[in-house]
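Colleague: I am new to this structure and should be grateful for a close look at a single part of it. Please take the packing around one helix as the starting point and then relate that part to the rest of the chain.

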Amino acid sequence: MKKVVHRNSTSRILGIGLALMLMFSTSLFAQDGDPAKGKQLFNANCAACHNLDRKMTGPALRGVGDKYEKQWLYDWIHNSAAMVKAGDPQAVAVFEEYNGSPMTAFPQLSEEDIDNIIAYAMEPKPEPAQPAAGAVADAGSAGGSSGFSNNVILAALVLVFGVLVVMLYLVNKTLKRIAEANGIEFEKAEKRLPIWKAFVKNQFLVLVSSIALLLIGAYFAYGYMMQVGVDQGYMPVQPIHFSHKIHAGDNKIDCKYCHSSARVSKTSGIPSLNVCMNCHKNIMEYTGEEDLANGYTKDFYTGEIQKLYKAVGWDANNQQYTGESEPVKWVRIHNLPDFVYFNHSQHVSVAGVECQKCHGPVEEMEVMYQHAPLTMGWCIECHRETDVKMDGNEYYEKIHEELSKKYGVEKLTAAQMGALECGKCHY
Ligand code: HEC
Ligand code: HEC
Ligand code: HEC
Ligand code: HEC
Ligand code: HEC
Ligand code: HEC
């Protein structure tokens with residue numbers, strides 16, 4: 001009998017456990033959505049007007065999933081104006097609370113996207129981070145730009161040293177010869193020669209090392225000559241540490257949001273600080289991942305946003321401009337000589353070349369650098385290899401027919417279209 005009772009209580013415990021698990025899991029399922037993806041979507045779409053914890057153009061959004069029904073949120077985010085128009089009481093209430101400033105409609109966001117955003121908004125507020133002890137605020141300035149000139153100095157030193165050694169040896173030899181000619185006896189007493197004397201005496205060693213030094217010197221000198229005018233890898237320190245990795249990578253902000261003229265004009269341009277403020281009126285601090293190894297702490301990043309505020313004269317506490325601004329002088333990285341004509345829209349819009357093809361993995365760059373050599377050979381090589389995009393481009397249809405007959409090929413490279421002619425790139 002005891003056994004039965006025992007089994008009974010076990011099964012009861014099991015039963016209760018199962019019920020608890022179910023309850024727990026349904027409450028988990030009710031909160032489905034991926035907060036990490038949600039954060040991305042939020043930063044790219046909503047951060048211009050919303051902050052999770054602060055009232056901005058729109059209300060603070062933390063906990064908004066508890067405030068409204070799911071379906072209401074879908075409808076609202078897809079088209080809030082329509083709901084206000086239809087007279088939904090909750091919608092009208094918020095709309096009026098915010099003085100009738102309308103929210104953008106986001107028909108392109110799927111319900112899953114919205115679930116993710118809500119999941120992000122439902123995350124508990126993080127504890128204020130402890131200021132990292134001895135945070136290296138200036139770690140960003142340890143750029144790679146000094147490496148190049150270091151090499152040159154090193155090469156020069158090596159050369160000078162080599163010449164010195166050879167000269168010393170020659171002087172020593174001549175002195176000896178003169179001494180011998182004058183009949184002066186050498187003191188052969190020193191049994192243990194200092195190491196450098198032993199070295200100087202060993203003609204073979206001296207010869208070999210001078211040759212080695214000369215070769216090393218020549219190698220560096222050659223490398224230096226070849227680099228004149230080529231700035232591949234150039235990575236200057238910018239006045240504000242601006243991370244393309246964080247903006248274009250982590251938060252998936254489109255290149256053309258900031259470099260809006262790349263599509264339509266010759267130059268791409270650096271965005272004005274007003275563009276930054278579209279988002280940074282609301283994004284006052286950095287909450288993303290840190291890279292402690294390089295000193296990129298949250299405090300460091302937040303400090304950089306403060307620099308932006310200082311530059312545009314934005315008082316974040318009172319949410320207004322102070323009128324005291326100082327321009328940010330971004331250091332220009334890519335720079336072709338004046339005698340070369342290069343046009344962004346020709347490549348980006350007409351040819352459909354991706355930014356990354358010429359600028360490298362920008363969305364991974366914590367600090368921007370020049371990826372391509374920007375030499376004439378580089379331009380020409382791509383013109384030889386790249387097919388011109390003909391589809392849907394009326395302008396090319398006729399030319400294409402004629403030229404493809406001439407070359408007897410289906411596809412045409414940019415080169416065959418005439419992109420190797422000197423006059424196309426040189427004024
Ligand atoms: C152009 C500014 C703007 C953008 C961008 C924006 N909102 Fe709004 N949002 C508002 C305003 C303003 C309100 C207040 C209601 C009104 O005036 O329409 C609001 C209200 C809301 C509300 C109701 C909140 C409450 O507490 O009642 C939610 C939810 C919301 N927005 C979600 C989002 C989400 C999600 C995104 C991004 C996909 C987004 N909003 C993007 C301006 C914006
Ligand atoms: C949020 C705004 C923003 C976005 C998005 C952005 N950039 Fe930038 N970009 C800047 C700023 C500011 C600079 C100047 C500071 C620097 O060089 O880091 C810059 C500099 C550059 C430069 C170097 C310019 C020079 O001086 O030669 C290139 C190339 C570039 N961006 C390409 C891209 C590409 C490609 C993307 C998309 C993958 C992109 N950017 C996305 C703001 C942005
Ligand atoms: C489309 C919105 C958007 C625009 C435009 C934008 N940012 Fe940001 N910025 C962000 C987001 C999102 C973060 C990351 C916030 C986080 O993770 O908590 C960020 C972070 C930063 C940071 C800290 C990280 C870093 O890159 O060092 C700085 C500094 C910064 N932005 C400067 C700028 C400047 C300067 C511009 C204008 C050239 C600009 N931002 C334009 C959205 C934007
Ligand atoms: C075919 C190669 C190529 C492509 C594709 C390309 N760029 Fe460039 N980019 C260059 C060259 C070359 C320069 C230097 C131009 C100069 O010095 O006149 C440059 C310069 C820049 C600059 C510095 C400012 C300026 O306009 O001179 C920015 C910013 C930039 N590119 C962003 C972009 C973005 C964003 C895209 C994608 C939308 C893009 N580039 C696509 C080759 C390219
Ligand atoms: C990634 C490949 C690529 C690189 C690198 C590149 N180009 Fe081009 N370029 C193209 C393509 C493709 C076209 C054809 C566009 C079209 O359909 O007209 C083109 C067209 C041109 C044209 C117009 C030619 C014509 O027939 O009207 C000029 C000028 C030009 N490129 C200059 C340059 C210069 C200068 C550089 C180097 C600084 C360069 N390109 C680098 C791909 C490239
Ligand atoms: C696709 C574009 C393109 C075409 C076509 C082109 N060049 Fe160039 N050329 C360049 C670029 C870019 C540079 C700058 C290279 C640098 O700064 O290292 C350059 C540089 C030069 C220089 C300066 C020497 C140097 O290396 O700095 C001369 C001379 C020159 N080109 C002559 C010509 C002649 C002649 C032709 C016709 C056979 C021609 N180029 C066709 C893009 C082009």
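Modeller: The cover over the buried residues of helix H7 includes helix H2 (35-46), helix H3 (64-67) and helix H4 (70-78). The model is a predicted one, and H7 itself spans residues 111-121. Its buried residues are Ile114, Asp115, Asn116, Ile117, Ile118, Tyr120 and Ala121.

Several of these residues reappear in the largest nonpolar core, a set of 14 residues in which Phe42, Ile114, Ile117, Ile118, Tyr120 and Ala121 have the most contacts. H2, H4 and H7 are the elements that give two or more residues to this core. H7 provides the largest share, with 5 residues. In soluble globular proteins, nonpolar side chains tend to be buried together. Phe42 shows how the core is joined: apart from neighbours within four places in sequence, Phe42 is in contact with Ala47, Ile117 and Tyr120.

For the wider setting, the chain has 427 residues, of which 13% count as buried. Its secondary structure amounts to 20 helices and 2 strands. Among contacts with a separation of 6 or more, 72% are between residues 24 or more positions apart.

Further along the chain there is an annotated part. The unreviewed UniProt entry carries the annotation "transmembrane region" for residues 152-171 and 204-225. In the model, residues 152-171 are 100% helix and 0% strand, with the end C-alpha atoms 29 Å apart.

The ligands may be taken in turn, beginning with ligand 3. This ligand has 26 residues around it, and Ser243, Cys276, Cys279, Gly288 and Glu304 come nearest. At least two residues of the shell are supplied by each of helix H11 (244-250), helix H12 (255-258), helix H13 (273-280) and helix H14 (298-312). The most come from H13, which gives 5 residues. Sorted by class, the shell around ligand 3 holds 16 nonpolar, 9 polar and 1 charged residues.

Around ligand 4 there are 21 residues, and those that come nearest are His259, Thr267, Ser268, Cys355 and Cys358. H12, helix H15 (344-350) and helix H16 (355-359) each contribute at least two residues to this shell. H12 therefore serves two shells, since it supplies at least two residues to that of ligand 3 and at least two to that of ligand 4. H16 gives the most to the shell around ligand 4, with 4 residues. The classes in this shell are 10 nonpolar, 9 polar and 2 charged residues.

Ligand 5 is surrounded by 24 residues, the closest being Ala351, Cys379, Cys382, Ala414 and Ala419. Each of H15, H16, helix H17 (376-385), helix H19 (415-419) and helix H20 (422-425) supplies at least two residues of the shell. H17 gives the most, with 4 residues. By class, the shell around ligand 5 contains 17 nonpolar, 5 polar and 2 charged residues.

Leu374, in the loop between H16 and H17, has a positive phi near 60 degrees although it is a residue other than glycine. Leu374 has 20 other C-beta atoms within 10 Å and is buried; the threshold for that class is 20 or more.

Gln319 also has a positive phi, of about 55 degrees, and is not a glycine. Gln319 is located in the loop between strand E1 (314-315) and strand E2 (320-321). Gln319 counts as exposed because 12 other C-beta atoms lie within 10 Å, and a residue is exposed at 12 or fewer.

Thr322 is placed in the loop between E2 and H15. Thr322 is likewise exposed, with 12 C-beta neighbours inside 10 Å. Not counting residues up to four places away in sequence, Thr322 touches Gly313 and Asp315. The C-alpha atom of Thr322 is 9.5 Å from that of Lys310, a residue 12 positions away along the chain.

To return to the part with which this answer began, H7 has Ile114, Ile117 and Ile118 among its buried residues, and H2, H3 and H4 are among the elements that cover them.

Key
Residues numbered from 1 in each chain as written. Chains lettered and ligands numbered in written order. Predicted model: local features only at pLDDT ≥ 70, side-chain atom pairs only at ≥ 80, totals over all residues. Near = placed C-beta within 6 Å. Nonpolar A, V, L, I, M, F, W, Y, C, P; charged D, E, K, R; others polar. UniProt positions renumbered as here; feature names shortened; annotations may be inferred. Contact = placed C-beta atoms within 7 Å. Core = buried A, V, L, I, M, F, W, Y, C linked by C-beta atoms within 7 Å.
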